Amino acid sequence: MPAREPVGRRAFVAGSGAALLAGGAAPGARAAVVDGPLPDFHPALKDALTFPLAWGNSPIRDFRAWRRAARAAVEEALIVDREDGTPYDPEFGHRHEQDGCTRESVTLSLTRHERVRAALLTPHGPGPFPAVLLLHDHGAKFDIGKEKLVRPWYDTARLASAQAWTEKYFSGRFVGDELARRGYVVLAADALGWGDRGPVTYDQQQALASNFYHLGSSLAGLMAREDARAAGFLARLDRVDRRRIAAVGFSMGAFRAWQTAALSDDIAAAASVCWMTGLKEMMVPGNNTLRGQSSYYMLHPGLPRHLDFPDVASIAAPRPMLFLNGALDPLFPADGVRVAHDKLRAVWRSRHAEERLTLQTWPDLGHVFVDRMQDEVFTWLDRVL
């Protein structure tokens with residue numbers, strides 16, 4: 001028997017156009033919550049998002065001053081303190097020689113609250129080497145994080161799971177291993193909830209994010225801080241040429257890549273595959289963002305009152321940036337990608353640096369990072385670093 005609605009409780013029917021009241025709805029009553037679920041007045045809220053701090057909208061005309069102001073706005077929205085004074089205190093272990101590189105497990109403090117285990121790959125040779133901070137995706141798959149990108153030499157169960165993931169999204173390749181073979185130091189760590197730091201379940205994400213907010217903090221802010229700190233750790237390794245460090249990621253990892261480039265001057269370039277859009281164009285009924293859950297890893301409260309996604313990425317200008325997307329990607333509507341690319345192009349053009357910005361849409365691909373996309377990224381990294 002279905003549960004009965006308590007007397008006097010208002011129930012809202014998504015998309016019905018009417019609010020049902022216990023005892024009968026008034027004729028012509030409007031729904032308070034519609035498809036999404038969104039408030040029925042969400043068009044007015046979207047229209048109010050004018051992104052006044054975006055380059056070109058902001059009254060600040062000096063680009064360096066604008067970068068400082070925009071970055072400060074992002075920093076404030078993270079709701080997580082900076083960790084500049086916390087020592088990394090790295091501990092190296094699980095050393096393994098394979099495929100022309102040294103594989104190490106390194107445990108370090110990305111914040112003062114927790115020690116995090118990362119995978120570190122170093123090519124054989126004299127060095128110092130260029131380096132890549134490799135940022136894993138979301139995918140609603142939490143048993144592996146860094147292992148989605150770096151072949152786990154330390155766990156056969158994770159290896160089987162990781163190989164299946166690479167077959168689904170990466171043409172069977174481990175992107176980190178490919179980069180190490182090409183002469184890059186590679187660092188990959190788990191975000192909170194994945195691999196060694198999880199696994200959470202899909203339905204637990206919302207509670208995890210809510211609890212962060214109750215504690216005066218932010219899940220997305222923590223991830224942003226940790227990624228910027230990981231870039232700083234790479235820059236301090238003797239084996240790394242600190243002038244040549246890139247952030248690379250797919251899906252949520254792509255979001256993390258351009259976000260890290262915006263927040264950290266240790267990142268010289270960033271390649272983002274399948275995560276760039278205008279916010280308003282993405283927030284339409286049916287889009288995955290409106291489900292909550294996974295979105296909390298990329299949600300900084302209040303930031304859209306100042307900056308759109310491409311505006312945040314533009315803080316990294318005029319450094320080299322590569323954005324790839326698939327025209328068949330169901331997560332990012334074509335008009336959202338177009339709006340974002342136009343904004344990015346305008347910023348780099350204003351810096352007389354259009355040649356440093358690469359925007360590509362692959363007409364036959366969806367939400368993937370297949371081998372030919374990887375080869376494009378590898379060639380681009382060789383050129384810009």
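This section describes the strand order, helix packing and selected backbone features of a predicted model.

The model contains an open sheet of nine strands, arranged in the order β5-β6-β7-β9-β8-β10-β11-β12-β13, and the pairing within this sheet is mixed. Its edges are formed by β5 (91–98) and β13, each of which pairs on one side only. On average, and with direction ignored, neighbouring strands of the sheet are turned by 15 degrees against each other. Strands of a sheet pair through backbone hydrogen bonds, either parallel or antiparallel. Both senses are represented here, as the following pairs show. Strand β6 (residues 101–109) and strand β7 (residues 115–123) run antiparallel and are joined by nine bridges; within this pair, Glu104 is placed opposite Leu120 of β7. By contrast, strand β11 (residues 269–273) runs parallel to β12, and four bridges join the two. Ser272 stands opposite Phe323 of β12 in that pairing. The parallel sense also holds for β12 and strand β13 (residues 357–362), which pair over six bridges, with Leu322 opposite Thr358 of β13.

Strand β12 (residues 321–326) is mostly covered, six of its six residues being buried. In a regular strand the side chains alternate between the two faces of the sheet. In β12, Met321, Phe323 and Asn325 point one way, whereas Leu322, Leu324 and Gly326 point the other way; all of these residues are buried. The two residues of β12 named above in cross-strand positions thus belong to opposite sets: Phe323, which faces Ser272 across the pairing, points one way from the strand, and Leu322 the other way.

The sheet is also contacted by a helix. Helix α10 (residues 334–350) packs on the sheet and touches β12 and β13. The direction of α10 makes about 160 degrees with that of β13.

Two further packing contacts involve helix α7 (residues 252–263). In the first of those described here, helix α6 (residues 219–235) packs against α7 at an angle of about 65 degrees, the axes being 9 Å apart. Because angles of 65 to 115 degrees count as roughly perpendicular, α6 is classed as roughly perpendicular to α7. The crossing of α6 past α7 is right-handed. From α6, the residues Met223, Ala224, Asp227, Ala228 and Ala231 take part; they meet Met252, Arg256, Gln259, Thr260 and Leu263 of α7. By class, the residues of this contact comprise six nonpolar, two polar and two charged.

In the second contact, helix α2 (residues 63–78) and α7 pack at an angle of about 120 degrees, with their axes 10 Å apart. This angle makes α2 oblique to α7. Arg71, Val74, Glu75 and Leu78 of α2 form the contact with Ala261, Ala262 and Leu263 of α7. The residues involved are five nonpolar and two charged, with no polar residue. Leu263 of α7 therefore appears in the contact with α6 as well as in the contact with α2, where contact denotes heavy atoms within 4.5 Å.

Attention is next given to Gly176, a residue of helix α4 (residues 175–181). Gly176 has a relative accessible area of 0% and is therefore buried, the cut-off for this class being under 20%. When residues up to four places away in sequence are not counted, Gly176 touches Leu121, Leu134, Leu149, Val150 and Val186. One of these, Leu134, is 42 residues from Gly176 in sequence, yet the C-alpha atoms of the pair are 7.1 Å apart in space.

Several backbone features may be noted in addition. The peptide bond from Gly36 to Pro37 is cis, with omega near -5 degrees, and Pro37 is located in the loop between β3 (33–34) and β4 (38–39). A cis peptide bond also links Gly127 to Pro128, again with omega near -5 degrees; Pro128 is placed in the loop between β7 and β8 (129–135). Positive phi values occur at residues that are not glycine. His94 has a phi of about 50 degrees and lies in strand β5, an edge strand of the sheet. Cys274 has a phi near 70 degrees and lies in the loop between β11 and α8 (279–282). With a relative accessible area of 1%, Cys274 is buried.

Conventions. Residues are numbered from 1 along each chain as its sequence is written. This is a predicted model: local features need pLDDT of at least 70, side-chain atom pairs count only at pLDDT 80 or more; totals for chains, interfaces and linings use all residues. Side-chain values use heavy atoms; hydrogens and water are left out. Axes are lines fitted to C-alpha atoms, for helices over the stretch in contact, and angles run from 0 to 180 degrees between N-to-C directions. Angles under 35 degrees count as roughly parallel, over 145 as roughly antiparallel, 65 to 115 as roughly perpendicular and the rest as oblique. A crossing is left-handed if the near helix is turned anticlockwise from the far one by less than a right angle, and right-handed if clockwise. Ala, Val, Leu, Ile, Met, Phe, Trp, Tyr, Cys and Pro count as nonpolar, Asp, Glu, Lys and Arg as charged, and the others, Gly among them, as polar. Buried means under 20% relative accessible area, exposed over 50%, partly exposed in between (1.4 Å probe, protein chains only). Two strands pair if DSSP finds at least two bridges between them.
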